[in-house]
Amino acid sequence: MDEVVVEVEKTKREWEEAYEKTIEHIMAIQEYGKSRRGEEKISLQRLNGLAQDGLSLLNSLQFNLDLLAPQLPSDDQVQSTQSLLETWKNQYHSLRVNLRSANLQAKDNMRKAAQEERELLLGGGTESTVLRRKRQANAGVTSDAESITESLRRSRQLMVQEVERSTNTLVAFDESTGVLKKAESEYKGHRSLLSRTRNLLSTMQRQDVIDRIILIVGFSLFVFAVVYVVSKRIGILKLQRMATAAIKAQLAGKGANGVGDDVMPLGQQFDGNTVPTVNIPLQQRMHDEL
């Protein structure tokens with residue numbers, strides 16, 4: 001921020017110097033042609049070129065201040081600089097109006113001077129002869145000086161345009177740098193978010209594997225329990241059948257030996273699903289598989 005303040009102060013000093021020089025050139029244009037014999041040291045074209053160069057420099061300084069104002073550290077400095085910029089714009093517009101008026105005044109002065117000189121030349125005498133010789137001698141020098149001045153002015157104008165182009169390039173480069181820094185900061189934020197998302201996905205994948213293992217183990221235990229229960233039930237049924245067969249065999253053996261007390265009446269129908277009440281010797285034991 002200190003560099004911006006220094007640059008603003010430098011721009012203000014350059015504006016003051018360029019403004020004063022431009023006013024001097026405009027005043028010189030306004031006074032041009034008042035000499036009775038037209039012996040001005042600088043031509044009107046040269047003065048206009050200097051004034052135009054001054055206006056171009058002032059316009060470039062306005063553009064530079066307009067870029068620097070938003071970069072100042074405090075709001076008060078920004079507002080003050082913007083107010084100064086508005087003042088500069090008004091002064092620049094006033095200079096252009098004054099330059100136009102000065103050129104009109106210079107043309108009027110030259111017309112009056114030419115009329116006086118014409119009257120002097122038509123009057124004859126030694127003074128008119130000397131004046132004609134001076135004008136012829138100065139004509140060639142003035143033409144060469146004006147051509148050289150015009151060439152220098154065009155070179156200066158090209159240099160000013162190149163400086164403005166370079167300034168615009170630097171401004172665009174600074175803006176691109178700011179955009180890249182902003183993109184870098186956003187990328188860092190997205191990178192941290194992606195890292196957290198990646199960790200969360202890894203955790204979810206591990207949890208999914210654990211859930212699958214728990215489901216498989218639980219289902220396996222359930223299947224084993226069902227198989228165990230079914231196998232036990234099948235064993236009990238087999239035991240019941242074996243016991244029924246043994247009872248029937250024993251009853252049949254007693255009936256053959258004539259034991260009537262333990263024989264069921266002939267008229268009673270035997271139900272195969274009902275186990276009859278019999279006296280089983282204590283030596284025979286039934287084992288419960290369950």
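**Exercise 1. Locate V78 and state its burial.**

Solution. Step 1: V78 belongs to helix α3, residues 75-123, where a helix is a DSSP run of H or I with at least four residues, a strand is a run of E with at least two, and numbering starts at the N terminus. Step 2: V78 has a relative accessible area of 14% and is therefore buried; buried means under 20%, exposed over 50%, and partly exposed in between, with a 1.4 Å probe and protein chains only. Step 3: V78 and L68 are 10 residues apart along the chain, and their C-alpha atoms are separated by 9.0 Å.

The model is predicted, so that local features need pLDDT of at least 70 and side-chain atom pairs count only at pLDDT 80 or more, while totals for chains, interfaces and linings use all residues. Residues are numbered from 1 along each chain as its sequence is written, and side-chain values use heavy atoms, with hydrogens and water left out.

**Exercise 2. Describe the secondary structure and the share of buried residues.**

Solution. Step 1: The protein has 4 helices and 0 strands. Step 2: In sequence order the pattern reads α-α-α-α. Step 3: Buried residues make up 18% of the 290 residues.

**Exercise 3. Examine V4 and Q62, and relate each to a residue distant in sequence.**

Solution. Step 1: V4 lies in helix α1, and its relative accessibility of 12% is why V4 counts as buried. Step 2: Along the chain V4 and Q71 are 67 residues apart, yet 6.9 Å separates their C-alpha atoms. Step 3: Q62 is placed in helix α2 and, because its relative accessibility is 8%, counts as buried. Step 4: From Q62 to L85 the separation is 23 residues in sequence and 6.7 Å in space, C-alpha to C-alpha.

**Exercise 4. Characterise the second largest pocket by volume and lining.**

Solution. Step 1: A pocket is found on a 1 Å grid over the protein atoms alone, as an open set of points where a 1.4 Å probe fits, with protein on both sides within 12 Å along at least five of seven lines; lining residues have an atom within 4 Å of a point. Step 2: The second largest pocket holds about 460 Å³ of space, the volume being that filled by probe spheres set on grid points joined across faces, edges and corners. Step 3: Its lining has 15 residues, and N64, L68, Q71, V171 and D174 lie nearest the centre. Step 4: Helices α1 (2-31), α2 (44-68) and α4 each contribute at least two lining residues, and α4 gives the largest share, 7 residues. Step 5: The lining divides into 7 nonpolar, 4 polar and 4 charged residues, with Ala, Val, Leu, Ile, Met, Phe, Trp, Tyr, Cys and Pro counted as nonpolar, Asp, Glu, Lys and Arg as charged, and the others, Gly among them, as polar.

**Exercise 5. Analyse salt bridges of the model and the exposure of their partners.**

Solution. Step 1: The structure contains 6 salt bridges, each defined by a side-chain nitrogen of Lys or Arg within 4 Å of a carboxyl oxygen of Asp or Glu. Step 2: In helix α1, K12 and E9 are 3 residues apart, about one turn of the helix, and their side chains form a salt bridge with an N to O distance of 3.9 Å. K12 is partly exposed at 24% relative accessible area, as is E9 at 37%.

Step 3: R165 is bridged to E162, with the closest N and O atoms 2.5 Å apart. About one helical turn separates R165 and E162, because they are 3 residues apart in helix α4. R165 is partly exposed at 45%, and E162 is partly exposed at 43%.

Step 4: E184 and K188 also meet in a salt bridge, 3.9 Å from N to O. Relative accessibility is 44% for E184, which counts as partly exposed, and 45% for K188, also partly exposed. Both residues lie in helix α4, 4 residues apart, about one turn of the helix. Step 5: D108, R111 and K112 are joined into one network by salt bridges that share partners.

**Exercise 6. Identify the members of the nonpolar surface patch and place V209.**

Solution. Step 1: A patch is built from residues with over 30% relative accessible area and no salt bridge; nonpolar side chains (Val, Leu, Ile, Met, Phe, Trp, Tyr) are joined within 5 Å, and like charges within 9 Å. Step 2: V209, I213, V217, F219, L221, F222, V223, F224, V226, V227, V230 and I234 make a nonpolar patch of about 1100 Å², with areas from the Shrake-Rupley method and a 1.4 Å probe, only the protein chains shown counting as cover for residues. Step 3: V209 lies in helix α4, residues 126-257, and counts as partly exposed because its relative accessibility is 45%.
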